[in-house]
Amino acid sequence: MRGLFSVLLLATALIGCNSGPKPPNISLDTLSASTATDDALTGQVLEHIAASPYSYVRIRTSKGDVWAAVNEARVEKGSQVTVSNPMLMKDFESKSLNRTFDQIYFGSLAPEGVAATGTADNPHAGATSTAAPFDVNVEKATGSNARTIAETWAQASALEGKGVTIRGKVVKYNEGVMGKNWIHLQDGSGDVGQGTNDLTVTSADAASVGQTVSVTGTVRTNRDFGSGYLYRVIVEDARILKK
């Protein structure tokens, strides 16, 4: 009875956890074989199976090829992903897929490219999810709250919690990660070496790579998404004004 009570406590903890998707159709036997780990899993997507509200991905990591179940998202084969807060489960049976996985990790799909905190010597290094620099030269938005990407970085402390309008080209786009669309903008301003040429925007609106858009949203600094993932500057809850 004591063993069963311990398993039920573990089940309750898993269901109440907000750090990742709740594993579907987990039996008590499966729960008793679960193992948590603090090490994020990063690698290339080899296979993707959509099974709403989850996405099952087989990824090639430094530990070898592994399966992971994450929050539902559009995941492209060949893309790089990071699974945060992975929990290993053995002999997991997915009734929706009619399949048993010898080993599978349950966790949260981190936004692509989001990097750990920078150093004191170079606070921007690794502190923003920068995309590769594009050859862009986008005209600045108009209005009293209009900023270039370089200006947003430079004035970030003063802009914390305030609205800005930014015009730029979409150079990277991740849809439906943690309930948001993640848009990387570049406008030709900023320093590539410092990462201030690229700005991440979250929005409920859709976009696509190559579009020039104007967005308005709220500046946030040192935005921590857990597991060591931090954006020094990000614009959240943005609306796309013009495409």
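Two residues are in contact here when they have heavy atoms within 4.5 Å of each other. Keep that in mind for the tour. One more thing before you click: this is a predicted model.

**Stop 1: Ser-189**

Select Ser-189, which sits in the loop between strand 8 and strand 9 (199–203). Is Ser-189 buried or exposed? Its relative accessible area is 18%, and the cut-off for buried is under 20%, so Ser-189 counts as buried.

Now show what surrounds it. Skipping its neighbours within four places in sequence, Ser-189 is in contact with Thr-148, Ile-149, Ala-150, Thr-196 and Asn-197. Zoom in on Ala-150: its backbone nitrogen lies 3.0 Å from a polar atom of the Ser-189 side chain. Then add Asp-187 to your selection, and you'll find its side chain making a polar contact of 2.6 Å with the side chain of Ser-189.

**Stop 2: the aromatic rings**

Next, colour the aromatic residues. How many aromatic pairs does the structure hold? There are four. To describe a pair of rings, you give the distance of the centres and the angle of the planes.

Start with Tyr-56 and Phe-101. Their ring centres are 5.6 Å apart and their planes meet at 5°, so this pair is stacked. Trace the chain between them: Tyr-56 belongs to strand 3 (residues 54–61) and Phe-101 to strand 6 (residues 99–110), so to speak of distant parts of the chain is fair, as they are 45 residues apart. Turn on the surface and look for them: Tyr-56 is buried at 0% relative accessible area, and Phe-101 is buried too, at 3%. Add Trp-67 as well, since ring pairs link Tyr-56, Trp-67 and Phe-101 into a cluster.

Now jump to Trp-182 and Tyr-231. Here the centres are 5.9 Å apart and the planes lie at 25°, so this pair is stacked. Trp-182 is in strand 8 (residues 180–186), while Tyr-231 is in strand 11 (residues 229–242), 49 residues apart. Both Trp-182 and Tyr-231 are buried.

**Stop 3: two backbone angles**

Finally, switch to the backbone. Most residues other than glycine have a negative phi. Select Asp-91 in strand 5 (residues 80–94): although Asp-91 is not a glycine, its phi is positive, about 50°. Asp-91 counts as exposed, with 53% relative accessibility.

Move on to Asn-98, in the loop between strand 5 and strand 6. What is the phi of Asn-98? The value is near 55°, again positive in a residue other than glycine. Asn-98 is exposed, with a relative accessible area of 71%.

Key:
Residues are numbered from 1 along each chain as its sequence is written. This is a predicted model: local features need pLDDT of at least 70, side-chain atom pairs count only at pLDDT 80 or more; totals for chains, interfaces and linings use all residues. Side-chain values use heavy atoms; hydrogens and water are left out. Rings of Phe, Tyr and Trp (its six-membered ring) pair if their centres lie within 6.5 Å; planes under 30 degrees apart count as stacked, over 60 as edge-to-face and the rest as tilted. Helices (H or I, at least four residues) and strands (E, at least two) are DSSP runs, numbered from the N terminus. Buried means under 20% relative accessible area, exposed over 50%, partly exposed in between (1.4 Å probe, protein chains only). A polar contact is a pair of N or O atoms within 3.5 Å; within protein, one must be able to donate a hydrogen and the other to accept it, and residues adjacent in sequence count only if both atoms are side-chain atoms.
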